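Me: I would like to go through this structure with you, one topic at a time. Could we begin with a single residue and work outwards?

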Amino acid sequence: MITKENILANAKKTIESESQSIAKLIDFIDDTFAEAVQCIYNSKGRLVVTGIGKSAIIAQKMAASFNSTGTPSLFLHASEAIHGDLGMLQEGDVVICISKSGNSPEIKALVPLLTRFGNKLIGMTGNMTSFLAKGSHYVLNTTVDREACPLNLAPTNSTTAQLVMGDAIVVCLMEMRDFKAEDFAVYHPGGALGKKLLLRVKDMLEHTLKPEVTPDTSIKKAIFEISEKRLGVTAVVENNKVVGIITDGDIRRMLNDRDTIAELTAKDIMSKSPKTIKSTDMVVDAFNLMEDFSITQLIVVDNGEYKGVLHLHDILKEGIV
């Protein structure tokens, strides 16, 4: 009988099995691994990643990771390579060929072709005596004791080991290239990640209103300014310099404390020294500042000149956080 307990037990067993296989990879990280990474780093060409079956899927992911972290890469399907796609391989390219057995017919046909133009070949295999291992300049060992599959057939532990070995290469190359968040943003301009890494405060000010009053503005007009600009705040500006801020909260507290507001002006209720940010700062830094001080608006100031207001709701609309 299939029960929830059995399902949970099998899931935990699979995860434990794969985690143990990954842990054993540490013993396979040796001088050959370092030399293979140095070979990729020193290459003047691209990194070509190839494989067949499930290993091909891992190769695709690896190529994507390399491309997004500063190592130009492309995926070459092993079976398509021997039917014309080998033309993708250029002089100076380094090749990573992935295969658990290292002895499949496609791999045996491909390996001699990958090195005939002088290209360096890095084999990634779970069989260190295989055709792939013997034909490679560098061999990365991804041997696993068995698959998590109960039949020991479906690639599970083996493909996970390949994936992790690939990630280890990616991270090493990132460190060697001193790859920074700014570099990462260049390759990820779209979506929430791109916005988080690229969007600056000035990019959002173009679409927002700019509420402002002078210190001598009546409270009634200040309330109108806050309501009209719909940002819940107005800057108090004198000679284009921000001298204070009035928020919805300031208005509510004033109404609770006073019976009349006819004689009051902006300077009477404004908060001095408001939190500010430059237009060139990253929006994600603005968000973090709002969180730190539990506020929903920031006054944007460049070289002492008032530029506008950045509101938390605008940041949330962009989907940055």
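Reply: Let us begin with S17, which counts as buried because its relative accessibility is 19%, under the 20% limit for that class. Please keep in mind that this is a predicted model.

Me: Where does S17 lie?

Reply: S17 lies in helix α1.

Me: And what is S17 in contact with, leaving aside its neighbours within four places in sequence?

Reply: With those neighbours left aside, S17 is in contact with A148 and N157. The side chains of S17 and N157 are also joined by a polar contact of 2.8 Å.

Me: Which pocket is lined by S17?

Reply: S17 belongs to the lining of the second largest pocket, together with N10, K13, T14, R146, E147, A148, C149 and P150. A148, a contact of S17, is thus found in that lining as well.

Me: How much space lies in the second largest pocket, and how do its lining residues divide?

Reply: The second largest pocket holds about 210 Å³ of space. Its lining divides into three nonpolar, three polar and three charged residues.

Me: Then what about the largest pocket: how much space, and how many residues line it?

Reply: About 260 Å³ of space lies in the largest pocket. Its lining has 17 residues, and those nearest the centre are I245, T247, I295, T296 and Q297.

Me: Which elements give two or more residues to that lining?

Reply: Those elements are β8, residues 241–247, and α12, residues 248–257. Helix α12 supplies the largest share, five residues.

Me: What is the lining of the largest pocket like by class?

Reply: There are four nonpolar, seven polar and six charged residues in the lining of the largest pocket.

Me: Back to N157, the partner of S17 in the polar contact. Is N157 buried or exposed?

Reply: N157 is buried, and it is one of the buried residues of α7. The others are S158, T159, T160, A161, Q162, M165, G166, I169, V170 and L173.

Me: What do the buried residues of α7 pack against?

Reply: They pack against the helices α1 (4–24), α2 (31–42) and α3 (54–68), and against the strands β3 (94–99), β4 (120–125) and β5 (138–141).

Me: How far apart are the end C-alpha atoms of α7, and what span should its 20 residues give?

Reply: The end C-alpha atoms of α7 are 29 Å apart. The helix covers residues 157–176, and at 1.5 Å a residue its 20 residues should span 28 Å, so the two values agree.

Me: What comes just after α7?

Reply: Just after α7 is D178, with a positive phi of about 50°. D178 is placed in the loop between α7 and α8 (181–187), and it counts as partly exposed because its relative accessibility is 48%.

Me: Why is a positive phi worth a remark there?

Reply: Most residues other than glycine have a negative phi. D178 has a positive value although it is a residue other than glycine. N240 is also not a glycine, and its phi is positive, about 60°.

Me: Where is N240 found, and how exposed is it?

Reply: N240 is found in the loop between β7 (233–238) and β8. Its relative accessibility of 31% means that it counts as partly exposed.

Me: Let us turn to α3. Which of its residues are buried?

Reply: In α3, the buried residues are S55, A56, I58, A59, M62, A63, S65, F66 and S68. Q60 also lies in this helix, but Q60 is partly exposed, with a relative accessible area of 44%.

Me: And how does the span of α3 work out?

Reply: At 1.5 Å a residue, the 15 residues of α3 should span 21 Å, and this agrees with the 22 Å between its end C-alpha atoms. After α3 comes G70, with a positive phi near 95°.

Me: One last residue: what does T32 touch, not counting residues up to four places away in sequence?

Reply: On that count, T32 touches Y138 and V139. T32 is found in helix α2 and is partly exposed, with a relative accessible area of 25%.

Me: How far apart in space are T32 and I295?

Reply: C-alpha to C-alpha, T32 and I295 are 53 Å apart, with their places 263 residues apart in sequence. I295 is among the residues nearest the centre of the largest pocket.

How values were computed. Residues numbered from 1 in each chain as written. Predicted model: local features only at pLDDT ≥ 70, side-chain atom pairs only at ≥ 80, totals over all residues. Heavy atoms only, no water. 1 Å grid on protein atoms, 1.4 Å probe; cavity = no way out; pocket = protein on both sides within 12 Å on 5 of 7 lines; lining within 4 Å. Points joined across faces, edges and corners; volume = space filled by probe spheres on them. Helix = DSSP H or I, 4+ residues; strand = E, 2+ residues; numbered from the N terminus. Nonpolar A, V, L, I, M, F, W, Y, C, P; charged D, E, K, R; others polar. Expected span 1.5 Å × (residues − 1). Buried < 20%, exposed > 50% of the residue type's maximum accessible area, 1.4 Å probe, protein only. Contact = heavy atoms within 4.5 Å. Polar contact = N/O pair within 3.5 Å; in protein donor to acceptor, adjacent residues only side chain to side chain.
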